[in-house]
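This report describes the architecture of a predicted model. Please consider the sequence and the structure together before reading on.

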Amino acid sequence: MLLDIHNLVQRFGTNTVLDGLALQTGDVRALVLVGPSGGGKSTLLRILAGLDVPVAGSVAFDGEQLPRDEPALREYRRTVGTVFQAYNLFPHLTALENLLMPLIHVHGLSEPEARARVREPLERFGLADHAHKRPAELSGGQKQRIAILRALVVQPKRLFLDEPTSALDPEMTAEVLEMIGELKELGTQFVLVTHEMGFARRAADEVAFVGDGRVLAHGPPAEIIDRSDVPRVRSFFARILS
Amino acid sequence: MPRWLAHTIVVILFAALIALAFSRVDYAWNWAGVWEYRQKFLQGFGVTVALSLASLVASTLIGIVAAVLLGSKNVMLEAVGRVYVELIRGTPLLVQLLLGFYVVASAVGLENRYVVGVLVLALFSGAYMAEIFRGGLAAIPQTQRDSARAIGLTPWQSLRLVILPQAVRLVLPAVAGQFVSLIKDSSLLSVIAVSEFTLAAQEVNSFTYSTLESYLPLAAGYLLLTLPLSALSRLLERRYRYEM
């Protein structure tokens with residue numbers, strides 16, 4: 001996917017979170033956003049995912065501009081998938097019902113069609129035995145993987161993942177990252193916000209460092225994480241990778 | 001020990017304690033006198049049940065409307081909701097009943113004390129319901145709404161499929177408690193001469209001068225209404241909590 005962002009501004013009340021952010025990527029499969037808390041990465045991701053409308057600026061994926069009115073944005077959201085840090089799944093439904101819901105209520109599949117579609121992904125990622133359970137009965141890693149599946153089964157153009165492992169312990173983090181890595185092998189495009197630098201280094205095609213509401217550095221992962229010549233970026237990685 | 005057995009033993013012990021206390025008091029029991037008025041008691045009980053049901057339904061509707069007002073981004077609408085809730089929750093039901101019937105209803109020309117009684121009771125309980133519903137909605141994490149939007153659900157679908165099912169489970173205990181309070185609060189309607197259960201007991205007492213024999217059945221009658229409600233609520237909570 002080609003991402004083209006110009007002069008993106010986002011404000012909440014008097015607080016300017018994105019301050020004329022600009023980014024032009026190559027044709028990447030995996031774009032990873034990193035940076036300090038409060039720097040604007042999640043805000044940016046929400047705009048890219050069609051959840052929030054920026055105050056100013058433009059965003060285009062593969063030449064297609066993101067709309068600004070809610071009905072058109074809703075249509076856009078139906079073509080992509082988003083996974084948050086936690087509380088993705090609907091707790092009053094089983095894992096399977098969570099997966100079926102968007103297929104049946106948004107994409108108009110019949111129940112048999114929907115069940116047929118989710119069968120293979122559930123089995124491939126080892127979650128078929130847990131499908132009848134409610135989220136309260138699942139581990140954090142299982143919940144996040146089901147949430148990713150729910151985003152996937154609608155056959156989205158791309159996935160947006162906002163710190164999907166930040167609420168998980170190391171073992172479950174590995175579980176989820178492994179799944180994301182596998183998805184990349186299978187050709188899924190995604191924009192990922194994460195603090196997992198090891199994964200970013202391995203899986204990202206390009207990394208963008210978002211801080212103070214702008215992109216401070218952007219390029220191949222090794223260049224940004226290990227050898228950035230932007231002082232702010234270098235000191236960030238020096239501190240967290242030591 | 002099974003729970004029902006423990007409950008029964010405690011109730012029997014409690015009843016024995018009360019009986020002991022009464023046996024110490026030199027009280028001339030007059031159950032026969034009160035038994036003559038059993039028809040009055042039954043009618044009063046029926047009126048209480050009807051009033052409570054009507055107020056229950058009305059207060060739930062009022063509570064929903066008020067909760068929507070309280071959550072509104074429109075400053076004026078939110079103000080209506082907030083003033084309503086604070087006024088009602090900050091003043092005694094007795095005052096609301098007296099003002100409601102003798103002042104407001106008279107001014108509007110509404111003479112039926114039963115209708116006024118149900119309205120005042122519904123408005124009273126509705127204010128508490130509104131806060132219960134607000135609390136329930138606020139307890140649902142924002143990510144749930146985000147996830148619903150991210151999937152592409154319309155606002156109506158979000159409400160129907162995601163928000164309301166969770167909100168109902170969250171508020172169930174508090175709403176059941178509010179229903180129980182409502183049934184007991186309906187006793188206050190006696191001050192505007194609504195012929196419900198409590199007024200019946202008061203009248204029987206004034207005829208027979210047998211206070212305890214008039215009011216003990218009253219207590220038993222209310223228990224008959226509130227205990228099943230509590231039990232039902234606990235049953236539903238247990239069922240829904242597993243589902244959550």
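Which residues in α3(B) meet which residues in α8(B)? B:Ser52, B:Ser55, B:Leu56 and B:Ser59 in α3(B) face B:Phe179, B:Leu182 and B:Ile183 in α8(B), where contact requires C-beta atoms, placed from the backbone, to lie within 7 Å. Helices (H or I, at least four residues) and strands (E, at least two) are DSSP runs, numbered from the N terminus.

The model is predicted: local features need pLDDT of at least 70 and side-chain atom pairs pLDDT 80 or more, whereas totals for chains, interfaces and linings use all residues. Residues are numbered from 1 along each chain as its sequence is written, and chains are lettered from A and ligands numbered from 1 in the order in which they are written.

**The sheet of chain A**

In chain A, 4 strands form an open sheet in the order β2-β1-β4-β5, with antiparallel pairing; two strands pair if DSSP finds at least two bridges between them. The edge strands, listed below, each pair on one side only.

| Edge strand | Residues |
|---|---|
| β2 (chain A) | 15-24 |
| β5 (chain A) | 64-65 |

Strand β1 (residues 3-12) of chain A is joined to β4 (residues 56-61) of chain A by 5 bridges. A:His6 stands opposite A:Ser58 in β4(A).

**The interface**

Between the chains, 19 residues of chain A are in contact with 18 residues of chain B. On the side of chain A that touches chain B, α2 (70-77) and α3 (95-105) of chain A each supply at least two residues. The largest share, 3 residues, comes from α3(A).

Conventions:
Contact = placed C-beta atoms within 7 Å.
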